[in-house]
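Welcome! Take a moment to look over the model shown here, and then let us walk through the place where its ligand sits.

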Amino acid sequence: MTATETPVAIVGLGKIAVDQHVPSIAASPAFRLGAVISRHASMKGVPCYSSLGDMLAKEPDIPAVALCVPPQVRFDLAHEALSKGRNVLLEKPPGASLSEVEALSDLAKSNGCVLFATWHSRFAKGVPRAKEWLANREIGKVMITWREDVRHWHPGQQWIWQPGGLGVFDPGINALSILTEILPAPVQMTAAELEFPENRDTPIAARLSMRGSGKLAVEADFDWRQTGPQTWNIEVETDRGLLRLTGGGAHLEIDSRDVTDAEALQSEYDGIYGRFADLLREGRSEVDVSPLRHVADALMLGKRLVAAPFND
Ligand code: NAP
């Protein structure tokens, strides 16, 4: 630990906190883990609290909080931390609705706090170079295929099936966060089909159509029922070549040649904490709701289809 490391408290010791946030904070030269807030779990060597309010009252020197809880319970926690003048990092998606994220953004501004709505897939190795390569090209068709096995990636998680949990858009929004990052101009949703298991409140599959300027057309296929090899690919046809991001953005091919940046950070979450350190230093928030807006549009426009019941 050094005097320059900013203590950050993690709220919610679930899968993503344990798999990614704790190791990235430990690896970061800018942060150290100052406290954890968990309803059930604790961590050796770190002050543990069962409520955020308790931590905020007893740890005035922890200026930053990382919220790793499900989206449905994030707003109240973020509001509480920002109201007490703490800087807040939000896991994706930044909230369960657009209006609550906008309210948090306004609160951060009026209280002079930093709010960072993270999109971890934007820190995948292939994404920055893909963005750079597409900047001056005419883009035609974009095909997104995001198919994974929900039983493998979300074992026993109930919140993903409850209202606000987004269902297949929980991973699908990662693809949308890459799309909105790499395209030089916005696209608009034109149609969607959503498959809801008859016993669940969120979709297990979705097919989306979007359009942009000129010939730009985006098709997306999200499915949580894929067993065997998993697919997280984005293909972009342009006037001067074909770009393919695979492995959720980790690999970049242009005209079938691997051009992944070998120097790029291995861990998306190391990138997130690097950016958070920059934002804190600059006193600047970063809140881009465009991926969440596309999900909201899909849920507004989408034709609802009933699928077979899903049981864990
Ligand atoms: P998770 O394993 O279910 O963990 C969420 C944690 O939040 C729980 O362990 C719990 O921690 C806390 N929590 C507080 N209120 C809760 C409530 N009402 N219901 C359930 N948990 C509650 O979920 P996760 O996979 O870590 O996902 C959390 C967020 O990270 C989601 O927004 C997700 O989209 C995002 N994310 C997940 C992944 C992934 O691979 N899993 C990847 C990237 C981003 P305590 O028991 O400690 O209070």
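## Polar contacts with the ligand

A polar side-chain atom of Asp170 lies 2.6 Å from an oxygen atom of the ligand. His40 also brings a polar side-chain atom to a ligand oxygen, at 2.8 Å, and Trp159 does so at 2.9 Å. A polar contact here is a pair of N or O atoms within 3.5 Å.

On its own, the ligand has 870 Å² of accessible area, and the protein covers 81% of this. Accessible areas come from the Shrake-Rupley method with a 1.4 Å probe.

This is a predicted model, in which local features need pLDDT of at least 70 and side-chain atom pairs count only at pLDDT 80 or more, while totals for chains, interfaces and linings use all residues. Residues are numbered from 1 along each chain as its sequence is written, and side-chain values use heavy atoms, with hydrogens and water left out.

## The shell around the ligand

Which residues come nearest to the ligand? Of the 22 around the ligand, they are Ile16, Ser38, His40, Arg74 and Asp170. To be near, a residue needs a heavy atom within 4 Å of the molecule.

The shell divides into 10 nonpolar, six polar and six charged residues. In this grouping, Asp, Glu, Lys and Arg are charged, and Gly counts as polar.

## Two domains

The protein is divided into domain 1 (6–117) and domain 2 (122–255 + 296–307), with bounds from an automatic or database domain assignment. Each of the two domains gives at least three residues to the ligand shell.

The C-alpha centres of domain 1 and domain 2 lie 27 Å apart. Nine residues of domain 1 are in contact (heavy atoms within 4.5 Å) with 13 residues of domain 2.

Key
Polar contact = N/O pair within 3.5 Å; in protein donor to acceptor, adjacent residues only side chain to side chain.
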